[in-house]
Amino acid sequence: MTPRTDPTGPADPAGLAEDDLKELIAAELGAVRDRSLGLTTRVLDHAELTAQVSPLMSPLVWDLAHVGNYEELWLLRAAAGIDPMRPEIDSLYDAFEHPRAERPALPLLPPDEARAYIGTVRAKVLDSLERIRFREDDPLTAGGFVYGMVVQHEHQHDETMLATHQLRKGAPALLDPDEPVPARIGGLFPTEVLVEAGPFEMGTSDDPWAYDNERGAHIVDLPAYYIDTFPVTNRAYIAFIEAGGYDDPRWWDPEGWEWRSAKDRGAPGFWRREGGQWVRRRFGRVEPVPPDEPVQHVSWYEADAYARWAGKRLPTEAEWEKAARWDPAAQRSRRFPWGDAYEEGRANLGQRRLRPTPIGSFPGGASAYGVQQMIGDVWEWTSSDFTAYPGFRAFPYKEYSEVFFGPGYKVLRGGSWATHPLACRGTFRNWDYPIRRQIFTGFRCARDAVEAR
């Protein structure tokens with residue numbers, strides 16, 4: 001079984017009356033839990049749920065209990081003032097206390113007990129939700145923030161669970177949803193788009209469910225640049241491979257070349273050459289690499305090397321966001337590339353497919369500049385380190401963002417096919433080590449406008 005999201009998409013929490021907001025929260029709590037169970041206890045047995053498929057990932061049963069423990073910490077203890085249910089397990093599910101590689105050795109709740117625990121937590125949350133008042137003078141509950149944080153947190157772990165499924169061996173556990181591939185638009189499109197010089201508003205100050213690292217809105221003035229109309233495709237990436245891109249240190253960051261050499265990398269993750277063609281393993285299936293899909297499972301080092309080989313570079317985080325959000329005619333930033341409200345059919349989000357869609361599939365999702373597929377399909381690497389915006393204030397805890405600031409992490413933007421719309425907006429910032437590629441990552445290129453072609 002593969003869970004699907006509501007085909008109409010989630011409502012925008014901004015501006016809702018309290019009763020309507022509570023109704024939305026209850027619905028989204030139910031939808032995300034259905035998704036979590038569809039990735040764990042409904043599709044895998046005890047042995048697979050408790051096994052660790054890679055030291056990069058937790059056993060799936062850890063993720064399952066962790067989302068419930070996080071929910072208890074924030075929605076029952078912090079928001080509703082309810083006494084702890086299972087304080088003795090808090091340390092087991094503290095992501096900072098135990099690295100992923102160590103978690104299989106912990107006395108974790110077995111699958112049946114984990115499911116019972118998170119079910120009891122949820123019942124108490126829904127009961128207490130009726131009594132909670134969303135006070136504007138309380139940043140934790142204002143606009144339902146803490147509830148939105150918990151819903152997004154569980155969806156983010158669901159995407160992590162999907163990465164675990166991708167890494168597991170054996171027969172497929174997830175079925176491709178019966179979701180038709182959207183009709184691709186005809187005609188020719190420019191390979192890149194000019195974004196003219198000038199200021200734009202980056203970040204947000206009024207999105208009620210935005211995380212601390214997205215806040216606050218500030219003006220960034222950029223020189224003119226070109227950015228690719230679409231993400232780099234498998235076809236284009238194969239050209240890089242076959243031109244010897246993995247064998248030429250000229251294209252590689254020195255640390256990237258060291259990583260490539262030590263790991264003997266020669267293609268994206270899960271690819272191999274078979275019978276004269278490139279094939280990939282996708283959730284237990286081996287299939288030909290689709291040439292027109294955005295390439296995924298590439299590290300930052302691989303993306304950076306491709307961009308150099310192509311005579312370009314990765315966009316900065318600010319360049320990515322301006323191309324995605326800024327409307328030069330209206331002189332304002334949008335929440336999504338196409339507008340302020342999420343609309344189904346404009347992006348490949350929410351696990352409606354277990355793969356990226358071919359480029360040109362969502363013309364209605366283009367930004368004001370005509371840049372396409374910036375939301376959904378694949379997370380896009382940028383050249384930027386993960387750092388704080390001006391005036392940053394950690395909220396509600398520094399371990400969500402602040403402890404990761406610095407040169408060790410690169411920023412990713414735009415979400416993937418596995419990202420839920422509630423956890424994906426034009427301001428949303430993801431980050432990871434430049435070596436990571438088990439996540440659903442791709443990229444597009446940029447270049448300075450003054451460069452000659």
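**Exercise 1. A residue in a loop**

Between which two strands is the loop that holds Gln 373? Describe the backbone and the surroundings of this residue as well.

*Solution.* Begin with the place: in this predicted model, Gln 373 is in the loop between strand E9, which covers residues 332–333, and strand E10. Next, turn to the backbone, where Gln 373 has a positive phi of about 55° although it is not a glycine. Finally, consider the accessibility: buried means under 20% relative accessible area, and Gln 373, at 3%, therefore counts as buried.

**Exercise 2. A second positive phi**

Find where Phe 270 lies in the chain, and state the phi angle of this residue.

*Solution.* The first step is to locate Phe 270, which lies in the loop between helix H7 (254–263) and strand E5 (271–274). The second step is to read the backbone angle: Phe 270 is not a glycine, and yet its phi is positive, at about 75°.

**Exercise 3. The chain as a whole**

Describe the overall build of the protein chain, starting with its secondary structure and going on to its dimensions, its burial and its contacts.

*Solution.* Start with the secondary structure, which comes to 9 helices and 14 strands. Then take the dimensions: along the principal axes, the C-alpha atoms fill a box of roughly 65 × 50 × 40 Å. To judge whether this agrees with a compact globule, note that such a globule with 453 residues would have a radius of gyration near 22 Å, and because the protein chain has 22 Å, the two agree.

Burial comes next, and here 59% of the 453 residues count as buried. The accessible surface comes to about 17800 Å², and 53% of that surface belongs to carbon and sulfur atoms. As a last step, look at the contacts with a separation of 6 or more, of which 77% are made by residues 24 or more positions apart.

**Exercise 4. Charges and salt bridges**

How many positive and how many negative side chains does the protein chain have? Go on to compare the places of the partners in three salt bridges.

*Solution.* Count the charges to begin with: there are 53 positive and 69 negative side chains, and the centres of the two sets lie 4 Å apart. The structure holds 48 salt bridges, from which three pairs can be taken in turn.

1. In the pair of Glu 18 and Arg 133, the N to O distance is 2.7 Å. This pair links distant parts of the chain, since Glu 18 is in helix H1 (residues 18–38) while Arg 133 is in the loop between helix H4 (111–129) and helix H5 (145–167), 115 residues apart. Glu 18 has 23% relative accessibility and therefore counts as partly exposed, and Arg 133, with a relative accessible area of 46%, is partly exposed too.
2. In the pair of Asp 248 and Arg 250, the closest N and O atoms are 2.7 Å apart. Here Asp 248 counts as buried at 18% relative accessibility, whereas Arg 250 counts as exposed at 58%.
3. In the pair of Glu 321 and Arg 413, the closest N and O atoms are 2.5 Å apart. Distant parts of the chain are linked here as well, for Glu 321 is in helix H9 (residues 317–325) and Arg 413 is in strand E11 (residues 406–413), 92 residues apart. Glu 321 is buried, with a relative accessibility of 0%, and Arg 413 is also buried, with a relative accessible area of 0%.

Salt bridges can also join into a network, as they do for Asp 176, Arg 280, Arg 282, Arg 285, Glu 287, Glu 293 and Arg 355.

**Exercise 5. Two cis peptide bonds**

Locate the cis peptide bonds at Gly 216 and Pro 396, and give omega for each.

*Solution.* For Gly 216, the cis bond runs from Arg 215 to Gly 216, with omega near -15°. Gly 216 is in the loop between strand E2 (198–202) and strand E3 (218–222). For Pro 396, the cis bond joins this residue to Phe 395, and omega is about -5°. Pro 396 lies in the loop between strand E10 (379–386) and E11.

**Exercise 6. A residue in a helix**

Is Thr 164 buried or exposed, and which residues does it contact beyond its neighbours within four places in sequence?

*Solution.* First, place Thr 164 in helix H5. Then apply the cut-off for buried, which is under 20% relative accessible area: Thr 164 has 3%, so it is buried. Lastly, leaving aside its neighbours within four places in sequence, Thr 164 is in contact with Val 53, Met 57, Ser 58 and Leu 60.

Note on methods. Residues numbered from 1 in each chain as written. Predicted model: local features only at pLDDT ≥ 70, side-chain atom pairs only at ≥ 80, totals over all residues. Heavy atoms only, no water. Helix = DSSP H or I, 4+ residues; strand = E, 2+ residues; numbered from the N terminus. Rg over C-alpha atoms; globule rule 2.2 N^0.38 Å. Buried < 20%, exposed > 50% of the residue type's maximum accessible area, 1.4 Å probe, protein only. Contact = heavy atoms within 4.5 Å. Areas by Shrake-Rupley, 256 points an atom, 1.4 Å probe, with all protein chains shown as cover. Lys, Arg positive; Asp, Glu negative; His and termini not counted. Charge placed at Lys NZ, Arg CZ, Asp CG, Glu CD. Salt bridge = Lys/Arg side-chain N within 4 Å of Asp/Glu carboxyl O.
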